[in-house]
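Welcome! Have a look at the sequence and the structure first, and then we can walk through a few local features together.

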Amino acid sequence: MANIYDGAFRTILNDCRKLIIPVINEIFGETYTGKEEIRFFPNEHFLDQQDDADKERITDTNFTVFGKVPKKYHVECESSLPDGRITIRLFEYDAQIALDEGEVTEETLTVTFPNTAVLYLRTYKKTPDKMKYVIVTPGGTVQYDIPVMKVQKYSLDDIFEKFLLILIPFYIFSHENSFPEYNSNEQKLEKLKAEYQVILERLDELEQQEVIGAFDKRTIIELSSDVIKEIAQKYENVQKGVGDMMSGALIETSARTILNQGISQNQRETALRMLQDGELSIDKIARYSGLRIEDVEKLAGLQTV
């Protein structure tokens, strides 16, 4: 089950990567404008094990935002009960990310840990407001906090006012405890459907205002539908009522076919070749291929999925 949610989180980040900026601003108190370059790095890491073969670990995100000072970020999506193992797993990821890009100069190893946070889809009594690393070394003790974002604390107004659109596919978690009631009470189910109708209308408005593109909007809707179908498996009326409503918005076209509209095959192939080379910035690829920057960014996202 968790893999469905992790997959939805990775997909929206890779396909609509600019939408992560408001989330980073919210979690870390940054002031990014959204025009910064975002560069994603491989999510697969192999951890050295003394007694076993190397174990593969897959992070949810591993990317750098190139603002005035480039900063590396690592954000994990979590739906399970906090049990201490999450913190251990986070540290394993962070240490491997730091080591993968470590530099050795005259036998001095320098490693840089990423700015790490956890996005909790469910909130339990045990869910902390923050986590903490305390690293005791012969040279002294280092400690710092790992911030936690709790999806269920954000209302629809919060999500749209703060432009936290990445949270929309997971908004249904705030209603999870009421599923039995919605499933047996048609009036209450209609209220839930009305909320999702508001989501669709507000996304339409953002598209019409050209704040987001058609691809972004449909990706959000598509992933929302996937998450609803997964989380409401045992509640047929909820699945049909809300899930089918979201699926209906995708009847005519899917998120990935939208990306290709208005782009010639030649332009697409040219941009993809330059992306594969990895030597040019998004801005230059857009200029050389004749595409818009947002089109190149979407092609870059599809490459990593």
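The notes below cover one helix and two residues with unusual backbone angles.

## Helix α6 and its start

Please keep in mind that this is a predicted model. Helix α6 runs over residues 186-208. With 23 residues at 1.5 Å a residue, α6 should span 33 Å, and its end C-alpha atoms are indeed 33 Å apart, so the expected and computed values agree.

At the N-terminal end, α6 is capped by Asn 185: one of the side-chain oxygens of this residue sits 3.0 Å from the backbone nitrogen of Gln 187.

## The buried side of α6

Which residues of α6 are buried? They are Leu 189, Leu 192, Tyr 196, Ile 199, Leu 200, Leu 203 and Leu 206. These buried residues pack against four helices: α4 (156-161), α5 (179-184), α7 and α8 (236-248).

## After the helix: Glu 210

Following α6 comes Glu 210, which has a positive phi near 60° although it is not a glycine. Glu 210 belongs to the loop that links α6 to α7 (214-231). Is this residue buried or exposed? Glu 210 has 70% relative accessibility and therefore counts as exposed, the cut-off being over 50%.

## A second positive phi: Glu 106

Glu 106 is also not a glycine, yet its phi is positive, at about 50°. You will find Glu 106 in the loop between strands β6 (103-105) and β7 (108-110). Its relative accessible area is 75%, so Glu 106 is exposed.

Methods: Residues numbered from 1 in each chain as written. Predicted model: local features only at pLDDT ≥ 70, side-chain atom pairs only at ≥ 80, totals over all residues. Heavy atoms only, no water. Helix = DSSP H or I, 4+ residues; strand = E, 2+ residues; numbered from the N terminus. Buried < 20%, exposed > 50% of the residue type's maximum accessible area, 1.4 Å probe, protein only. Expected span 1.5 Å × (residues − 1). Contact = heavy atoms within 4.5 Å. Polar contact = N/O pair within 3.5 Å; in protein donor to acceptor, adjacent residues only side chain to side chain.
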